[in-house]
Amino acid sequence: MTHRTAATRYARALIEVAVKERADLSQIESQLPDFAALVSSHSNLQQALLNPAVPAPRKRAAIAELAAHAKLQPVLSKLLVLLAERDRLVLLPDVVNAYRERLQVIQNVVRAEVTTAAALAPERAQQIERSLASATGRTVHLSTRVDPAIVGGLVTKIGSMVYDGSV
C-alpha cells in the first residue's frame, strides 16, 4: 500500500470519527498541519519520531505529551497516538493533504486556478469566481496566476479539468 493510499484511509477515518463525535472539523483542519509543522521544524523530534529503531511505546508517549501540550482536539490526539503506535508518523504530511481534500468534498468546495496574460483586477477575479460557482454548483476558492506566454484570454483549471480559452 502506498503512503498516499494509507494516508487517505487515515484521513477518511479521522473525518468519520470527528463527525460522529461532533468535533470541530475546521479546528482539526488548522491543528493537523500545525502539528505536522511542529514535528518537521524540530529535526531532533522528527528524527526520534520517524526512526524505526525508537520503540513505538516511546513514540506514543511523546506524541501523547505533545498533543496534550498543544491542546489538540481529542479525536486528532487519538489519531496521532494511533499513528505513533503503528509507526506510521511518516504519513503525517500526506494525512494533512488527504484530510483537506476530503473536507473540501464534504463542504462542497472546489479549488480553481485562473491563468491570464496580465494580473486580474480584484472585482474581475470575484466575478469569475461567482461564474465558476454558478457553473459548478459548488463554492469556489479561486487563485490567479499570470503567464506572459498567454497573449489573451484565460486558462481555468478546476480539479483535473482544464478549460483553455487563451490565445
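Which residues does Gln31 touch, not counting residues up to four places away in sequence? The close-ups below get there by way of helix H4. This is a predicted model, so local features need pLDDT of at least 70, side-chain atom pairs count only at pLDDT 80 or more, and totals for chains, interfaces and linings use all residues. Residues are numbered from 1 along each chain as its sequence is written, and side-chain values use heavy atoms, leaving out hydrogens and water.

**View 1. Helix H4 covers residues 56–70.** Helices here are DSSP runs (H or I, at least four residues), numbered from the N terminus. H4 has 15 residues and spans 21 Å from first C-alpha to last, close to the expected 21 Å (1.5 Å times one less than the number of residues).

**View 2. H4 has a buried side and a face turned away from it.** Lys59, Ile63 and Ala67 are buried (under 20% relative accessible area, with exposed meaning over 50%, using a 1.4 Å probe and protein chains only). They sit on the same side of H4 because their arc around the axis is only 65 degrees, taken from the directions from the helix axis to the C-beta atoms. The opposite face carries exposed Pro57, Arg58, Ala68 and His69. Helices H2 (25–41), H3 (43–50) and H5 (74–85) are among what covers the buried residues.

**View 3. Gln31 sits in helix H2.** Gln31 is buried, at 9% relative accessible area. So, back to the opening puzzle: Gln31 touches Lys71, Leu72, Gln73 and Leu76, not counting residues up to four places away in sequence (contact means heavy atoms within 4.5 Å).

**View 4. Lys71 follows H4.** Its phi is positive, near 55 degrees. The Gln31 side chain reaches the backbone oxygen of Lys71 at 3.5 Å.

Terms used: Helix = DSSP H or I, 4+ residues; strand = E, 2+ residues; numbered from the N terminus. Polar contact = N/O pair within 3.5 Å; in protein donor to acceptor, adjacent residues only side chain to side chain.
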